[in-house]
Amino acid sequence: YSFFTGLVFLYYSLHALHLLFTTKAINIPVLGGTVALLLLLLNYKYFDEVEYIDKTLQIFANLLIIAYAALLFLIAKMDNSANLRYIFFGIVAIEVVFLSGITIDRRDALTGQELTDKVGYNDYSVDAIKHLQQTDNSFYRVDKAYYSSMAIFGSLNDGQAQLYNGTSSYNPFNQLYYINYLQLMNLAKKNEENDSRWAKGLTYRPLLQMQNSVKYILAKKMFHPFWATVADTVYKTGDVTVLKNRYTLPWGFTYNAMMTRSEFETLSEMQKDFFALKACIVNDEDLSKHKFNLTPRHPIDTQQLFSIDSLISICNTLKQDTLTNLSIKETHLEGDITIHGNKMMYLSIPYDDGWHLTVDGKPEKKHILSAGMTGVYLSEGKHHIAMNYELRYFTKGLLMSLIGLIAYG
């Protein structure tokens with residue numbers, strides 16, 4: 001769109017110059033008013049406290065506006081203006097060279113050697129991830145305790161560049177329910193817009209990592225003290241150490257207990273981490289609409305002392321009824337499960353109306369768990385679970401685009 005708009009402006013600009021050169025007619029008030037307006041817009045002080053304007057560029061632009069205006073005036077008034085035309089296009093060439101030089105010179109250069117060295121996105125993370133992909137065919141997520149990007153700010157999208165499933169994300173429009181989940185778990189502040197774009201993920205919350213299928217952690221020098229208790233070193237390459245969490249839950253595990261979101265919000269951060277494994281967190285309005293045959297849990301139940309033995313016991317209970325024969329693709333998920341008693345299955349996928357869930361081929365209602373993840377209530381017995389993703393509003397968007405093109409035509 002910008003390219004074609006630029007061509008249109010270029011055409012009319014050249015056409016205007018052609019008319020000026022051939023007819024020698026120029027509207028002095030319009031020329032003067034245009035110059036005055038451009039100089040006002042260019043030199044107006046928009047910011048009182050901080051100066052964002054590059055003074056060199058500002059002076060250069062002022063001189064260009066005055067020079068172009070003077071040349072246009074002289075070309076229109078002089079009978080023999082051939083030399084002035086050459087000067088005009090010479091100034092255009094100077095402008096293009098000067099501004100293009102700034103664009104190039106003010107950027108950090110990447111050397112050829114850096115493309116092959118183990119730095120940036122080509123660091124030893126690549127070797128570690130390749131090793132995991134060759135040795136573990138199950139579904140799992142990976143978190144990193146460092147950034148590979150060489151940018152000023154550490155990138156939260158390393159997973160997209162290095163092809164692994166992570167929990168961090170930078171996006172101006174991050175998934176709403178994932179942000180809701182992070183906010184509930186004290187990983188993002190509700191009144192901090194920055195946290196809705198810079199989603200740091202679960203890296204330093206090992207118990208939440210267990211809940212959300214984070215099996216591996218890539219670390220360099222910074223280690224979480226709890227990792228030594230729950231994780232083993234399984235691989236080393238260069239300066240990267242790969243840790244494997246022994247108690248990470250499989251994707252699609254089930255709860256037989258629940259707690260309301262309003263009660264969960266009263267817990268401390270440590271209590272939330274521990275209790276998120278003991279019970280599924282159900283929205284209060286869901287509880288009033290649906291009768292879940294699950295054991296209710298309350299904040300008073302969190303007063304028991306945390307221990308590794310209790311953690312192992314909880315994880316073993318959650319692993320009893322999980323999805324098997326699992327197939328996970330970008331837009332289709334399916335698996336089989338045998339439920340002993342009525343339970344709520346937790347799927348670590350942010351809730352989204354685009355996902356359509358079926359149980360034994362029949363549509364089933366999805367529930368929001370932990371403020372943002374997806375859950376489905378299952379009765380006792382064997383079930384086949386399937387989820388298909390359809391891009392919401394795609395048909396409406398396509399139709400509106402066609403109508404717009406027709407109207408434009």
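**Exercise 1. How much space lies in the largest cavity?** Find the cavity, then describe its walls.

*Solution.* Before starting, note that this is a predicted model, where local features need pLDDT of at least 70, side-chain atom pairs count only at pLDDT 80 or more, and totals for chains, interfaces and linings use all residues. Residues are numbered from 1 along each chain as its sequence is written, and side-chain values use heavy atoms, with hydrogens and water left out.

Step 1: learn the terms. On a 1 Å grid over the protein atoms alone, a cavity is a set of points where a 1.4 Å probe fits but cannot get out, while a pocket is an open set with protein on both sides within 12 Å along at least five of seven lines; lining residues have an atom within 4 Å of a point. Grid points are joined across faces, edges and corners, and a volume is the space filled by probe spheres set on the points.

Step 2: look for it. The structure holds 1 cavity of 30 Å³ or more, and the largest cavity has about 30 Å³ of space.

Step 3: name the walls. Trp251, Leu323, Leu333, Glu334, Gly335, Leu347, Ile385 and Met387 line the largest cavity. Two or more lining residues come from each of β12 (332–339) and β18 (381–389). (Helices, H or I with at least four residues, and strands, E with at least two, are DSSP runs numbered from the N terminus.)

Step 4: sort by class. The lining of the largest cavity has 6 nonpolar, 1 polar and 1 charged residues. Here Ala, Val, Leu, Ile, Met, Phe, Trp, Tyr, Cys and Pro count as nonpolar, Asp, Glu, Lys and Arg as charged, and the others, Gly among them, as polar.

**Exercise 2. Describe the two largest pockets.**

*Solution.* Step 1: start with the largest pocket, whose volume is about 1,200 Å³. Its lining counts 33 residues, with Arg141, Asn165, Gly166, Ile349 and Pro350 nearest the centre. By class, 15 are nonpolar, 13 polar and 5 charged.

Step 2: move to the second largest pocket, with about 810 Å³ of space. Its 29 lining residues include Ser13, Leu17, Tyr68, Leu72 and Phe88, which lie nearest its centre. This lining has 24 nonpolar, 4 polar and 1 charged residues. Helices α1 (2–23), α2 (28–43), α3 (55–77) and α4 (82–105) each supply at least two of its residues.

**Exercise 3. At what angle do the axes of α2 and α3 cross?**

*Solution.* Step 1: read the geometry. The axes come within 10 Å and cross at roughly 175 degrees. Axes are lines fitted to C-alpha atoms, for helices over the stretch in contact, and angles run from 0 to 180 degrees between N-to-C directions.

Step 2: name the arrangement. That angle makes α2 roughly antiparallel to α3 (angles over 145 degrees count as roughly antiparallel).

Step 3: list the partners. Among the residues in contact (heavy atoms within 4.5 Å) are Leu31 and Val35 of α2 and Ala61 and Ile65 of α3.

**Exercise 4. In what order do the strands of the 4-strand open sheet lie?**

*Solution.* Step 1: the order is β1-β4-β6-β5, with mixed pairing. Two strands pair if DSSP finds at least two bridges between them.

Step 2: find the edges. β1 (141–144) and β5 (231–237) each have a single partner strand, so one side of each is left without a neighbour in the sheet.

Step 3: check one pair. β1 and β4 (residues 214–219) run parallel and are joined by 4 bridges. Arg141 stands opposite Val214 in β4.

Note on methods. Angles under 35 degrees count as roughly parallel, over 145 as roughly antiparallel, 65 to 115 as roughly perpendicular and the rest as oblique.
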